[in-house]
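Got the viewer open? Let's take a walk through this one, stop by stop, with something to select each time.

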Amino acid sequence: MKQFLYEAQPCRTVFGEGTRRNIRKEVERLNLKNVLVISTSGLSGSTTAEHVAVLLRDLCKGIFSKAVQHVPIENVYEALDFVKSNNIDGLVAVGGGSPIGLAKAVALETELPIVALPTTYAGSEMTSVWGITENGVKRTGTNSIVKPKTVIYDPELTLSIPANLSVTSGVNSVAHCVEALYSESRNPITSLLAEEGIRSIARSLRRIVENPDDLEARSKAFYGAWLGGTVLGSVGMALHHKLCHTLGGTFKLPHAETHTVLISYVISYNSDYAPEAMEVIARSLQCNKDDVASTLYDLIQSLGGPVSLESIGFQREDIEKAAELAVKNPYYNPRPIDKGSIRDLLDRAYHGIRPE
Ligand code: NAD
């Protein structure tokens, strides 16, 4: 058997319908008495900071609902001011990767513990990765201090995710699992989690698109997202995440949509160099191991998800620069990377050509 290293990463995970109502108990369990709820605008009903604040009663000392994508430093300063002047001793993040990202940036500075209530499938709540954008440049790093101490996955909080975001966010999580399967640091545990993650999400997305109120399908997808987040936080990623980071950071493409477009092209690029991973993905998608990329592409397209970079606002003339940036710092990928082949990959992805 291949040598491996597995390091368990502590995080209390509470999963189940209605479990958001345990938030006060979970906050008390960490001995917190003055928490700040961090969220985004645009949420409604039970996903809002106000709803969570009501559940927390006197333990909630404030609400900060201005989190936006990529964690601008101005947001961090504003939240830090509130934390310092109100004796805040803990953070409760409710929402997708954006509010969780802001809570992480505040925790990086203050070492305050985070309790997260995710409402998308992005997976940030299970990782120690933080990011802050200053003067248009996003700095990222890894620090275990920012990893939430407790994560509550209540599938009822995902009922309001619109069908298009359910698809892109779900595929975002599939992409974590795919890259975990051919990661340089993969191990038997993360590979098991990744296989189950792809299976759970891929099989529930169609049901969700057909009936967004299908709570059982929502639960299965959220369970898969937890697995996706766990492997994202445990092993190194490869070409796909590097490309998404480049396109999101430099060309401002939307996060989940970029993952959705690129993943089948990256699978196609890597497939001959990662045969074991392809077998596992094929098992999860119930297809032949040679058809993994096209099966995922067809699934995304049939669910109404984007399959071309053009459709999500990428400019063709930026392909050259994107390829240059993507090969700049050497990083692990099962298939060697060179500018010419990345340019080809991006060109096919730009046009949305079905991968063979
Ligand atoms: P997001 O948090 O920006 O949310 C996207 C949109 O969906 C927002 O408009 C939000 O209001 C809405 N939304 C969220 N939950 C909803 C719900 N239940 N119902 C209806 N609308 C809802 O996006 P995201 O895709 O969750 O996260 C993307 C961000 O997270 C990016 O900035 C990315 O870099 C970061 N991220 C970080 C990590 C990490 O490990 N650090 C991992 C994954 C993603």
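Start by selecting threonine 47: buried or exposed? Threonine 47 is buried, because its relative accessible area of 2% falls under the 20% cut-off. Keep in mind as you look around that this is a predicted model. You'll find threonine 47 in the loop between strand 2 (35-38) and helix 2 (49-56). Now show what surrounds it: leaving out residues up to four places away in sequence, threonine 47 touches Ser39, Val94, Thr119, Leu157 and Ser160.

**Strand 5**

Next, pick leucine 117, which sits in strand 5. With a relative accessible area of 1%, leucine 117 is buried. Which residues does leucine 117 contact, setting aside its neighbours within four places in sequence? Select Arg20, Ile23, Val52, Val92, Ala93, Val94, Gly95, Ile152 and Leu157 to see them. Two of those names should ring a bell: Val94 and Leu157 touch threonine 47 and are also in contact with leucine 117. While you're here, put a distance label from leucine 117 to proline 148: C-alpha to C-alpha it should read 9.9 Å, with their positions 31 residues apart in sequence.

**The loop after strand 5**

Move along to serine 124, in the loop between strand 5 (114-118) and strand 6 (129-134). Being in a loop, is serine 124 buried or exposed? It counts as buried, since its relative accessibility is 16% and the line is drawn at under 20%. Beyond its neighbours within four places in sequence, serine 124 is in contact with Gly97, Ile100 and Lys104.

**Three exposed stops**

Now for some loop residues on the outside. Select proline 330, in the loop between helix 12 (319-326) and helix 13 (339-351). Proline 330 counts as exposed, because its relative accessibility is 80% and the cut-off is over 50%. For a long-range label, go from proline 330 to glycine 123: the two are 207 residues apart along the chain, and their C-alpha atoms are separated by 25 Å.

Then jump to asparagine 31, in the loop between helix 1 (23-29) and strand 2. Check its backbone: phi is positive, about 65°, although asparagine 31 is not a glycine. At 57% relative accessibility, asparagine 31 counts as exposed.

Lysine 252 makes a good companion stop. Look for it in the loop between helix 8 (239-251) and helix 9. Lysine 252 is not a glycine either, yet its phi is positive at about 60°. With a relative accessible area of 56%, lysine 252 is exposed.

**Helix 10**

Go on to helix 10, residues 275-285. Which of its residues are buried? Colour Ala277, Met278, Val280, Ile281, Ala282, Ser284 and Leu285. To see what covers them, turn on helix 5 (163-181), helix 6 (188-210), helix 9 (255-270) and helix 11 (292-302), which are among the covering elements. Before leaving, click on glutamine 286, just after helix 10: this residue takes a positive phi of about 55°.

**Two domains**

Time to zoom out a bit. Colour by domain, using the assignment of domain 1 (12-158) and domain 2 (163-351). The contact between them takes 20 residues from domain 1 and 23 residues from domain 2. How far apart are the C-alpha centres of domain 1 and domain 2? They lie 26 Å apart.

**The whole chain**

Finally, fit everything in the window. In cartoon view you can follow 13 helices and eight strands. Along its principal axes, the C-alpha trace spans about 55 × 45 × 40 Å. The radius of gyration is 20 Å, which agrees with the value near 21 Å that a compact globule of 356 residues would have.

Switch to a surface and there's about 15,000 Å² of accessible area, 50% of it belonging to carbon and sulfur atoms. Of the 356 residues, 55% are buried. Colour by charge next: the chain has 36 positive and 40 negative side chains, and the centres of the two sets lie 4 Å apart. One last thing to try is drawing contacts between residues at least 6 apart in sequence: 76% of them join residues at least 24 apart.

How values were computed
Residues numbered from 1 in each chain as written. Predicted model: local features only at pLDDT ≥ 70, side-chain atom pairs only at ≥ 80, totals over all residues. Heavy atoms only, no water. Helix = DSSP H or I, 4+ residues; strand = E, 2+ residues; numbered from the N terminus. Rg over C-alpha atoms; globule rule 2.2 N^0.38 Å. Buried < 20%, exposed > 50% of the residue type's maximum accessible area, 1.4 Å probe, protein only. Contact = heavy atoms within 4.5 Å. Areas by Shrake-Rupley, 256 points an atom, 1.4 Å probe, with all protein chains shown as cover. Lys, Arg positive; Asp, Glu negative; His and termini not counted. Charge placed at Lys NZ, Arg CZ, Asp CG, Glu CD. Domains from an automatic or database assignment.
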